[in-house]
Every structure is written in structure tokens, then in C-alpha cells.
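Dear colleague,

Please find below the sequence and structure that I am handing over to you. My findings follow directly after them.

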Amino acid sequence: MSILNADITHILINDLLSSNGGSPSALLTLASTSRFFRESCLPYLFSEVRWPHKSKAEESGLRFFPEGLWPYIRHFRLEWFDEWTEPTRLKWGTLDKDGNYVPHDLVKFNLAIAKMPKLSKVTLICPFVIPRSLFQSLGLSRSLSAIIFIDTPLQIGITSISPVTLKQISLTPVGQTLRIGDGPTEPRFSDITYFIRDWRRKYRSQASWRQVQEIQASIVFVKTHAAHITHLELSGSLCSFGALARIDWPFLKTFALTGNAPVTEPYEPPAHVQLFNVLARMDALRDLRLLFAQSKAQEFHVLGRDDPPDPAHTAKLATLTDFAISNACKLGGILNHMSSLQRLAILAIVDLPRWPIALGQAEVDHVLADVAASTCELNHLRIIIEDKLTPNVCWSITSNCPHLQTLEIERCGYHDGKSVSSWQEFLEALSPLSALRDLRICMQFPEYDDVDELESWRIVRKDCAKTLATGLKLLGKVGFEYRKRAGTHRYQDAWLDFEISRSKGGAIELCQLPAMWYPFPEVWESSRLPF
């Protein structure tokens with residue numbers, strides 16, 4: 001009976017997990033019902049934690065998690081609050097002789113690391129230089145395999161994260177704020193105080209010498225772990241192609257470049273040559289993401305301007321199964337060489353506070369023609385477009401990519417309005433995709449008031465979902481883009497998603513799913529929106 005109870009409890013907890021669509025408070029409620037459920041829920045409730053908390057403090061300092069919870073922690077997020085570093089509002093730390101913030105209670109996490117046997121991932125978001133002692137403690141962890149730096153100053157001290165074997169590394173510099181399409185962004189990026197914090201202004205004033213220092217620290221750090229890394233996310237502001245090309249990456253499967261493209265000096269080979277010099281050292285690479293932000297500078301030419309392109313370069317492209325690229329790159333003449341491609345994402349990215357310009361109709365047609373010319377069997381397509389979606393675009397997709405199982409078409413800056421095409425016309429255009437299971441589409445719907453108590457905008461999308469589910473027999477999920485209020489005078493693109501259930505009698509039931517997003521630079525798997 002105890003085995004049966006354990007099995008039932010596991011199923012119940014799994015259904016309530018927020019990662020599976022459950023409410024964040026649902027699992028906490030279950031844990032409050034009895035001691036048995038509490039003990040069963042603890043490993044799930046505290047598998048991912050954030051520290052410090054503003055409300056968890058006393059006169060002696062910040063409170064840390066009780067030692068009894070440490071064995072459950074798998075992902076630790078160290079997110080220090082910006083406002084605590086302000087000279088006029090200094091809290092839980094002091095300023096050194098150079099005016100740099102030094103936290104007081106970081107030692108509590110430092111001492112706990114050795115007693116976290118399941119700690120596998122650490123995310124660091126800190127408005128100060130992290131002390132070497134913390135890196136040394138992380139380096140001695142026997143379970144740590146992934147580390148993420150976001151908006152955190154980097155110094156050579158990060159090379160002290162050793163001898164731990166890291167398989168996943170992500171490095172994002174201070175102040176890298178990107179907008180992907182016109183979808184959800186971190187709420188802190190919408191607050192002007194984020195950009196005018198004293199420590200961040202000081203950092204920007206020292207940008208010239210700090211960048212040299214951070215590139216050096218980043219390259220030495222990733223080189224130390226290159227023999228084991230399988231997943232690397234790296235900002236172009238923190239690396240150079242020349243340095244990366246001198247490193248072997250025997251097990252690297254996923255390589256993502258974000259932000260600005262690495263700077264190429266006049267005396268160096270062209271940027272595209274250097275890029276492929278880097279890729280040539282990555283024998284196991286299958287997932288390449290070139291997610292640069294649009295700029296006024298010239299487009300990044302992946303294959304250069306050579307006609308025909310270097311055969312060694314096109315041969316490398318032919319080995320990739322997953323490819324994500326932004327419209328900061330020249331798209332023409334790339335995809336036709338990617339004969340093994342299975343997943344493709346084409347995104348519109350720009351630095352905040354600007355808005356990106358996505359692909360127009362003619363560019364979409366050229367991209368799809370290149371996909372067809374490659375003879376690959378593409379099964380996953382995610383694309384952001386600039387113009388209003390029409391059935392003709394859908395016909396172009398289905399004719400050039402007939403094997404799609406997942407399709408997401410997002411409009412950058414979506415808006416409702418009178419559609420000139422019926423639901424049936426879109427259904428007919430998508431019907432040739434006989435294997436389609438997941439669909440997100442930016443069809444236009446009539447314009448409704450967003451404070452309409454009847455929620456007409458939601459009802460009409462649900463009706464359309466039933467129409468598409470009836471015509472597309474294997475469809476399991478369907479989503480529609482809409483314009484969401486994100487502030488007093490601010491709107492952004494969002495998705496209304498439904499899960500489709502089919503009974504043996506043919507009846508179709510729709511269940512609305514929680515709001516989802518892609519935490520950058522993830523492009524393939526969405527997760528629950530955390531804000």
C-alpha cells in the first residue's frame with residue numbers, strides 16, 4: 001500500500017508542478033494539508049530557489065534557508081537587489097575605498113554550497129564583483145554542472161571555478177537588454193531606474209577597459225572547461241572569434257552567440273571566416289544560434305560575399321540540425337546548404353528601447369525557397385514576420401516545408417482589425433501539414449475592447465481553435481497572438497494557447513494553458529511566464 005501511495009503522490013505532485021501548467025501556489029497548498037504531503041512536496045518546492053529575499057531579514061543580517069532544506073536545492077538563483085547598492089540607500093553591504101559595493105551576507109551561501117549534494121545549476125545576477133572565495137566554493141562542488149552569469153561584472157576571479165566539471169555555461173554582460181519581436185521583456189527593463197543605477201552608470205563610464213578585462217576573463221574561463229562543455233551561450237561583447245578559434249570543443253552540441261557580433265580588427269580575416277574557424281573546432285555541434293541584435297552597422301554575412309561560398313563553410317552548415325538566426329544577419333544563400341536541418345527559428349532582435357523590424361513578405365518567400373532547395377525535412381519552424389499574415393504565406397510554408405510538426409508564426413507588433421481572410425481559408429492553407437501537432441499563428445481577429453467583461457477577444461479565439469482542431473486531426477496545441485496591456489500606456493504581443501483533447505466519439509475539448517514565453521536565448525522550448 002505504501003508503494004501505491006508513493007506512486008499516487010508522485011502523479012499528483014507532478015500534475016501540480018508549475019512547469020506542467022499548475023498554479024505556483026497549488027503545490028504549496030497541498031504541502032500544507034498534512035505532514036506526509038509536506039515531506040513529499042519539499043524536494044519539488046525547493047528544487048529551485050532564489051536568494052536573498054527582502055522580507056527575510058533581521059537586524060543581524062539576511063536570513064538564509066534552513067540547513068534541512070539544503071539537500072533539496074538543485075538550482076540556486078543568487079539575485080541581489082540593485083537598490084541595495086545605491087550610496088543613499090545602502091543595505092546589507094558597504095562601499096570599499098573605490099566606491100564599489102561589497103555584500104555582507106554572501107558568506108552564508110558560500111558555506112552552504114558544500115552541503116548541497118544535488119546542486120546542479122547556479123544563476124548569478126549580482127550588481128557587484130563576486131568575491132573569489134565564492135567561486136572557489138562553487139569549484140569544489142561535486143554536483144554542479146551549469147552556471148549562468150546575467151548582468152554581473154566579470155573578472156579573472158571566475159577562473160577559480162575549478163576543478164568542477166561544467167557542461168553548460170552562459171555569459172551575459174552588464175546592460176545587455178534585448179527585445180525579441182514585441183513580446184514580453186523582463187519587467188525591470190521597463191523601469192528607468194534600471195538604467196540609471198549608480199553602479200551601472202559607473203560601469204558604463206569604465207566600459208573601454210572593463211570590456212578588455214571581461215573578454216580576457218571569459219575566454220580563460222570557457223577555455224578551462226572547454227573539454228567538457230556541451231552547451232555554451234556567449235555574448236559577442238565577451239569574446240573574440242580569434243580567441244575562440246584557438247580552443248577545441250570536442251563535446252559542444254549547442255552554441256549561441258547573443259548581443260553584438262564580436263568585433264573584428266582590420267588586420268584580422270573577415271568575420272565570417274573567423275566564425276567558421278571557430279565552428280571547425282566544434283565537431284559535435286548540432287545547434288547553432290546567431291542571435292545578434294539589429295544595428296545601424298552593416299549586416300552580419302554568415303557566408304561572406306564570396307560567390308560561390310567556401311565549400312568547407314557550406315559543408316559545416318550541412319551538419320547542423322537546429323539553427324536559429326536573427327535578422328541582424330544576411331539570410332539569403334544560407335539555408336539552401338543546410339540539408340540536415342530539422343528545426344529553424346528566424347527572430348527579430350534589437351537593443352531596448354528600440355523596436356525591431358522583422359522579415360517582410362518577399363524576404364519570407366526567399367527564406368522558404370532556400371529551405372525547400374536544401375531538401376531537408378524541417379519539422380519545427382518558428383518565424384517572426386513584419387506584415388499581416390495571409391493564407392498565401394501559410395500556403396508558401398506548407399508547400400516548402402511539408403513535414404512540419406511544430407509551426408509558430410508571430411507578427412512583430414500584432415494588432416487586431418478586420419481580416420480579409422476567413423478561418424476556413426487559413427485552415428485550407430494549413431491542411432497539407434498532415435503531421436502538424438503544435439500551432440501558433442498570428443491570424444487577425446475583430447478588434448475588441450480589452451476591458452470587455454465578456455472577454456469577446458478570448459471567446460472568438462477559442463471558437464477559431466475549435467475550427468482548426470476539427471480540420472487538423474493531429475493538432476494537440478493551438479495558440480493565437482493578441483495584444484496585451486503591459487502597463488498604463490504600454491502594450492506587448494502575447495499568446496493565448498489551448499490544449500486540445502479528443503474523445504473517442506470525436507468530441508473536442510479545449511483547455512486554456514498558462515502564459516508562456518521563451519527565456520532568451522532559448523528558442524525551441526517555451527516555459528511558464530514568471531511575471
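**Strand pairing and nonpolar cores**

Lys121 has Ala146, in strand β8, as its bridge partner. Please note that the model is a predicted one. Strand β8 covers residues 146-150, and its pairing with β7 is parallel, over 4 bridges. Between these two strands the chain passes through helix α5 (residues 132-139), and the resulting β-α-β crossover is right-handed.

Strand β7 also pairs with strand β4 (residues 75-79), again in the parallel sense, over 5 bridges. Within that pairing, Phe76 has Val122 of β7 as its bridge partner. As for burial, 4 of the 5 residues of β7 (residues 121-125) are buried, so that the strand is mostly covered.

Phe76 leads on to the packing of the interior. The largest nonpolar core holds 129 residues, and the members that touch the most others are Phe76, Phe149, Phe255 and Phe323. The greatest contribution to this core comes from helix α15 (residues 456-471), which supplies 6 residues.

Which residues are in contact with Phe255, leaving aside its neighbours within four places in sequence? They are Leu232, Leu244, Val278, Leu279, Met282, Leu285, Asp287, Leu288 and Arg289.

There is also a second core, separate from the one above, with 13 residues. Among them are Ala345, Leu347, Ile349 and Ala358.

With kind regards

Conventions
Residues are numbered from 1 along each chain as its sequence is written. This is a predicted model: local features need pLDDT of at least 70, side-chain atom pairs count only at pLDDT 80 or more; totals for chains, interfaces and linings use all residues. Side-chain values use heavy atoms; hydrogens and water are left out. A nonpolar core is a set of buried Ala, Val, Leu, Ile, Met, Phe, Trp, Tyr and Cys residues joined through side-chain atoms within 4.5 Å. Buried means under 20% relative accessible area, exposed over 50%, partly exposed in between (1.4 Å probe, protein chains only). Contact means heavy atoms within 4.5 Å. Two strands pair if DSSP finds at least two bridges between them. A crossover is right-handed if, with the strands pointing away from the viewer, the path from the first strand over the helix to the second runs clockwise.
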